[in-house]
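Work through the exercises below with the sequence and the coordinates open. Try each task before reading its solution.

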Amino acid sequence: MSDYAIEASGITKRYGSFVAVDRISLRVPAGTIFGFLGPNGAGKTTVIKILLGLITPDAAAVAIFGKDLFTRRNEIVRSVGAIVEAPVFFEYMTARENLHYLTRVSGPVTRLQIQDTLRTVGLEAVADKPVRTFSYGMKQRLGIAQALLPDNRLIFLDEPTNGLDPHGIMGIRRLLRQLRDERGITIFLSSHLLSEVEQVCDHVNIINHGATLREAVVADLGKGHERLEVQVAEADRGKATAALRSEGFELATDEPLADTTRLLLFRGGGEHLPAMARALVAAGVDILRLGKNHKTLEDIFVELTHDHVSDHGADRFRV
Amino acid sequence: MNSPTTMCQIMGLTAFECRKLWLQKRFSYSVAVLTVTTILGLTAIHLRLAKESSAQTCAWLVEIMGKYVNGVNFSIAILGATVFTIMPMIIGIFTATCFAGEQELNQLRTIALRPVPRWAIFLSKFLAMSIFSMFLLLATLTLSYAVGATFFRPSGDIFIWDPAMLVNKQQQFILPESKAWGRLFLIYALSWFTLTYLVALFLMCAALFKKTATAIILPLGFYFSCYFIETMPLMELLKDFLPTRYIFIGKYSMADPILWGAIAHDGLFTLAFTALFLAIGGFVFNSSDL
């Protein structure tokens, strides 16, 4: 049995001359939450559809739980659930009826199983109400319930917190952690929300324009992007920069702050802080602040995707 | 975990489709339309009878209508009025929405995410709509016979009036009551093949065009054009070349004796076309991106 829920390589999909997905490779460890991160239109949904056998790639080798997707798709999908793009149901049916009819083609599903799953996603009280009366958040949760049944081991969630209020978002995140920790379910989570991936995922694959930019363990993602920050008065800027450069520190950014001070960011990890402090004191710089710069996944994402953005003109709000 | 066989999956999906048709009130809307047609038919016959009786210009017609209009006759007349026009319209719209409509709303994807072959999804839609067609025919039979039996008489000999347009044989004759019931059930049973042919045609078009409006308008427009050209005076020379020429197999049961050879011939063509439409539609759906 493979340690990986998904092993895929060379996933390529073209629409005419447009390359939607360009040789993406993925390795998703079993029992983890895997974040698939990218801006809108990066190709995340296309990759998910390929991994679910909903669209045919131009090239790809995909194994799910060690089985070849293209020859054993129906066998694989027996233990795989998904929400793709948005949770879609038959609105005139109740939540329970939707689950009953949709899941029974996967295998025997008992009433108790449906009831338990509805309880897990917090929809037990509205199980017999038509889905048309549900809010978007409730539909998302019903989508997760549908993806879990009958006893799925891998679920794909495409932007599961889209359109949810903060309470709904927190509820979904809690549920995802619970599914991983208590039931050992592997979750493939696609999102353009960096905070979401940072908070719930164990691994991340960042894509843009159909190609992978970075794949890493979320905890390790900041490595190589560490910064040390020094806040000094405007008058001390030149002195501080010169002193630190002479000690071998490389200046990354130099930003003016609103209170006529400067924030200087140097490349390096926290272990260099004492040396940095000594150099600044020796140079007679008044240190207003000195410490590690906490770079978020958001910064890394912007840094990684910035050079690849080709539609600046069309999207004026891009960084 | 035991895996359901594809046959079980098809049965499960067909039940799902029937449940959806029921919850969307498609059965009741159809019955409402058929009821209106039946009442209009009844009113039309009564008006004609009243007019001819008072004018005394066409005594033979009054005699025929007085003697031979009964539940059986009336039910056949209502079937003739609905099976070529109203039922294809109902079936066309509902078939297109249950496939192309669900595809547009991504509901089809929700089903395709399950471990079921695409062709099984396609086939279950065909089976569900075929069951729905059978329901339409049974509803028409029950409703029209009940109305005819109530307002005219329950049974009796029936007068077959000039089926030339359909059978291409100029003939009018009286069919005794003993044979009339058999003909009634036979024409209804054969009409089911006509409707399943249309279900397959509309499903194929829904798989090809993927848009509900297109999947309704193109095949329905084509069907009605063929139907009207086939039945309009002076246009009959094109009849043999129209794709709809085989599907009205029920008309042969109205000849005396029944034209079994023609039923078998046209029935085979109808079944072959139905299978062809299903194969094309299933293939297209199987290779479509969802």
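## Exercise 1: A buried loop residue

D236(A) has 22 C-beta neighbours inside 10 Å, so D236(A) counts as buried. The model is a predicted one.

**Task.** Locate D236(A) in the chain, and find which residues D236(A) touches beyond four places in sequence.

**Solution.**
- Step 1. Place the residue. D236(A) sits in the loop between β11 and α8 of chain A.
- Step 2. Check the burial count. The cut-off is 20 or more other C-beta atoms within 10 Å. D236(A) has 22, so it is buried.
- Step 3. List the contacts. Leaving out residues up to four places away in sequence, D236(A) touches V285(A) and D286(A).
- Step 4. Take one distance. D236(A) and D286(A) are 50 residues apart along the chain, and their C-alpha atoms are separated by 7.3 Å.

## Exercise 2: The chain as a whole

**Task.** Give the helix and strand counts of chain A, its extent along the principal axes, and the percentage of its residues that are buried.

**Solution.**
- Step 1. Count the elements. Chain A has 10 helices and 14 strands.
- Step 2. Take the extent. The C-alpha trace of chain A spans about 75 × 45 × 45 Å along its principal axes.
- Step 3. Take the burial. Of the 319 residues in chain A, 41% are buried.
- Step 4. Look at sequence separation. Consider the contacts in chain A with a separation of 6 or more: 71% of them are between residues 24 or more positions apart.

## Exercise 3: The six-stranded sheet

**Task.** Work out the strand order of the open sheet of six strands in chain A, and say which strands stand at its edges.

**Solution.**
- Step 1. Read the order. It is β6-β7-β8-β3-β9-β10 (chain A), and the pairing is mixed.
- Step 2. Find the edges. β6 (80–83) and β10 (211–217) of chain A each have a single partner strand, so one side of each has no neighbour in the sheet.
- Step 3. Add the twist. From one strand to the next it averages 15 degrees.
- Step 4. Add a helix. Helix α5 (residues 136–148) of chain A packs on this sheet and touches β6 and β7 of chain A. The direction of α5 makes about 160 degrees with that of β6(A).

## Exercise 4: Strand β8 and its partners

**Task.** Is strand β8 (residues 186–191) of chain A largely enclosed or largely in the open? Identify its bridge partners as well.

**Solution.**
- Step 1. Count buried residues. Six of the six in β8(A) are buried, so the strand is largely enclosed by the rest of the structure.
- Step 2. Split by face. In a regular strand, side chains alternate between the two faces of the sheet. One side of β8(A) carries T186(A), F188(A) and S190(A), the other I187(A), L189(A) and S191(A), and all are buried.
- Step 3. Take one partner. Strand β3 (residues 33–37) of chain A runs parallel to β8(A), with five bridges joining them. I33(A) has I187(A) as its bridge partner.
- Step 4. Take the other. Strand β7 (residues 154–158) of chain A also pairs with β8(A) in the parallel sense, over five bridges. Here L157(A) stands opposite L189(A).
- Step 5. Trace the connection. From β7(A) the chain passes through helix α6 (residues 166–183) of chain A to β8(A), a right-handed β-α-β crossover.

## Exercise 5: The four-stranded sheet

**Task.** How many residues of strand β12 (residues 251–256) of chain A are buried? Place the strand in its sheet.

**Solution.**
- Step 1. Count. The number buried is zero, so β12(A) lies largely in the open.
- Step 2. Read the sheet. Four strands make an open, antiparallel sheet in the order β12-β13-β11-β14 (chain A).
- Step 3. Find the edges. β12 and β14 (287–293) of chain A have a single partner strand each, so one side of each is left without a neighbour in the sheet.
- Step 4. Pair the strands. Five bridges link β12(A) to strand β13 (residues 261–267) of chain A in the antiparallel sense. P256(A) is partnered with R262(A), and L251(A) with F266(A).
- Step 5. Inspect the turn. The hairpin has four residues between the strands, and T260(A) takes a positive phi near 60 degrees.
- Step 6. Add the helices. Helix α8 (residues 237–246) of chain A lies across β11 (227–233), β12 and β13 of chain A, at about 10 degrees to β13(A). Helix α9 (residues 273–282) of chain A lies across β11 and β14 of chain A, at about 160 degrees to β14(A).

Technical notes. Residues numbered from 1 in each chain as written. Chains lettered and ligands numbered in written order. Predicted model: local features only at pLDDT ≥ 70, side-chain atom pairs only at ≥ 80, totals over all residues. Buried ≥ 20, exposed ≤ 12 C-beta atoms within 10 Å, placed from the backbone. Helix = DSSP H or I, 4+ residues; strand = E, 2+ residues; numbered from the N terminus. Pairing = 2+ DSSP bridges. Right-handed = clockwise from strand over helix to strand, strands pointing away. Contact = placed C-beta atoms within 7 Å. Axes fitted to C-alpha atoms, helices over the stretch in contact; angles between N-to-C directions.
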